[in-house]
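Reader: I am new to this structure and would like to get to know it. Could you walk me through it?

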Amino acid sequence: MALQGQEEIGEQIEEAGDPQQDVSISPVEQQPEGPEVEVGDQLLLPWDRFSAWLHCICVVGFDLELGQAVEVIYPHHSNLTDKEKTSICYLSFPDSNSGCLGDTQFCFRFRQALGRRTSLRCFLDQFDRDAPVYLKRDPGHYYGYVYFRQVRDKSLKRGYFQKSLVLISKLPYVTFFHSLLQLIAPEYFEKQEPCLEAACNDIDRWPVPSPGKTLILPIMGVVLKVRIPTCSDKPGTTQLAQAAQSDTQVSVVLPSIYEVELFRCFSPVFFHIQMLWELVLLGEALVVMAPSPAESSETVLALVSCISPLRYCSDFRPYFTIHDSEFKEYTTRTQAPPSVILGVTNPFFAKTLQHWPHIIRIGDMKQAGDIAKPVKVKKLKNLKTLDSKPGVYSAYKPFLNKDEEIIRQLQKGIQQKRPSAAQNAILRRYFLELTQSFIIPLERYVASLMPLQKSISPWKSPPQLRPFNQEEFMKTLEKAGPQLTSRLKGDWIGLYRQFLRSPNFDGWFRTRRKEMTQKLEALHLEALCDEDLLLRIQKHTEVETVDLVLKLKDKLLQAEQEQLPVKVGTLARLRTHIEAIILTLPEDLQAILQKSGTS
């Protein structure tokens, strides 16, 4: 993930050409039906396309004797461990105190069982590479997207019909999957399992979620149009799927697949949005106490997204219950609370998590047009009773001075009845500019760690990045700090020092270091291809020539597996070099080398 820094890396190493592929939007071509369909170098088997979007669909019901139970898993061959099923059961129903009558939608996230592997992993990695960091597949967790229905039914002993339809996925496409559930769930509750089978068969005909493409997705007689964002989209100006005159069969156009309604989520506490941004940026332990899973999950997802385009690298649970397998781990008082954001609804947590340093308590979410009253941050000792007033309970002192301008702008919008979409856009732009102002100095410094291109020799190992030096970075802030792009005053230095100790910095720097190392490998490979290798091997012994072939094959394999950002045609040139060198060797060696590895 890069904001401005990628351009500066380009200047540092004088790279020629753009390694990014063309990401222009184009409608996905209809893929022919059949048992196997070739996509690139891959053969898609039945259910592979479904698995690119979802792991499975579950129906969770309530049994008087067993409690919550998974009644149906579709497709039937889907694999869930007993622990995963238990997690899904408890997280798919609101706590009894929530009083959710009618239909409710919310989201949860739970740990994937250890040791699970997917046969599609390499195939899906191709698409993950081009996705923004905050929209990549979650390697260690599943998301659960829930449509819960609770209605009175006198024919049942309990007096209520209670059931959840749950989509289990690795993808954080919150808006998309909630929209999908609004189409599938009401039909399911009316027509039962045949409806699920039809929906799954429709999904298995969809194209895979390729970043940068606008996709047409038929589902149960309705046609959705969505665009999957790509990492090369300029932050804040993501190209949205638009309705076009040619869309005669399109029923629903989703402008975004993942954005939550920021302003509505933050409206109960919007006087403290800047402080909350700092807490999320620094990976502080945060708990959101809400009246329902819908409000808890929306608020947690809004918090995680407020530091976009940075990826939130700690754990977060949009809806967390006392039955969760991590309950003891996250509520123990024997150690400091972990770096995690929890969304809870059970009043029991008011006592269990009273020792947590930062607590957000929200009441029923107001409509976007309601005016919130300014409230001060409350001290934690005031959070003693279950009926504590909504607000932020924390002893945290923000590093940055409060930005009164954004508060006035949002309040003015409320008074003038500005549409909620406009309020969302203002708040999202504010968070984006704040995050960019913070991260650009880091991007600029990290770009300076890149060796000069002239130090890359085809006959030596690629040069190493210089190590990150905290004090050296701090010295750059005096002339090239956030003051260049932000009007905010305050202790920026203190905020950076705290951030450099956080999981978010660790995750961000690991990603940047991997990208830059791959860029060095790519430049090294290009330098090798520019050499006259046939001339070079004239001075080599036979053993040295064989050694060179093996090393070049390793380079080629690495470039293919890691999808190094080389110029177009580089790998083809390398294969040509390898084949030409092999032909200079005796026939017996030629046969051996042509069989071994990729040539």
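Author: Happy to; the questions below look at aromatic rings and then at one helix of this predicted model.

Reader: How many aromatic pairs does the structure hold?

Author: Ring pairs are counted here when their centres lie within 6.5 Å. Phe-108 and Phe-110, with centres 5.9 Å apart, form one such pair. In total, the structure holds 43.

Reader: Are the planes of Phe-108 and Phe-110 stacked, tilted or edge-to-face?

Author: Planes under 30 degrees apart count as stacked and those over 60 as edge-to-face, with the rest called tilted. The planes of Phe-108 and Phe-110 are 40 degrees apart, and the pair is tilted.

Reader: Why does the pair of Trp-277 and Phe-438 tie together parts that are far apart in sequence, and how many residues apart are they?

Author: The two ring centres are 6.2 Å apart with planes at 85 degrees, so Trp-277 and Phe-438 pair edge-to-face. Both residues are buried. Trp-277 belongs to helix α8 and Phe-438 to helix α13, so the pair joins parts whose separation in sequence is 161 residues.

Reader: Which ring does the charged end of Arg-536 sit over?

Author: A charge of this kind must be within 6 Å of the ring centre. For Arg-536 the distance is 4.0 Å, and the ring belongs to Trp-459.

Reader: What covers the buried residues of α18?

Author: Helix α18 runs over residues 542-562 and reaches 30 Å from its first C-alpha to its last. Its buried residues include Leu-548, Leu-552 and Leu-556. Among the elements covering the buried residues are α16, α17, α19 and α20.

Terms used
Residues numbered from 1 in each chain as written. Predicted model: local features only at pLDDT ≥ 70, side-chain atom pairs only at ≥ 80, totals over all residues. Heavy atoms only, no water. Helix = DSSP H or I, 4+ residues; strand = E, 2+ residues; numbered from the N terminus. Expected span 1.5 Å × (residues − 1). Buried < 20%, exposed > 50% of the residue type's maximum accessible area, 1.4 Å probe, protein only. Contact = heavy atoms within 4.5 Å. Phe/Tyr/Trp six-rings, centres within 6.5 Å; stacked < 30°, edge-to-face > 60°. Lys NZ or Arg CZ within 6 Å of the ring centre and 35° of its normal.
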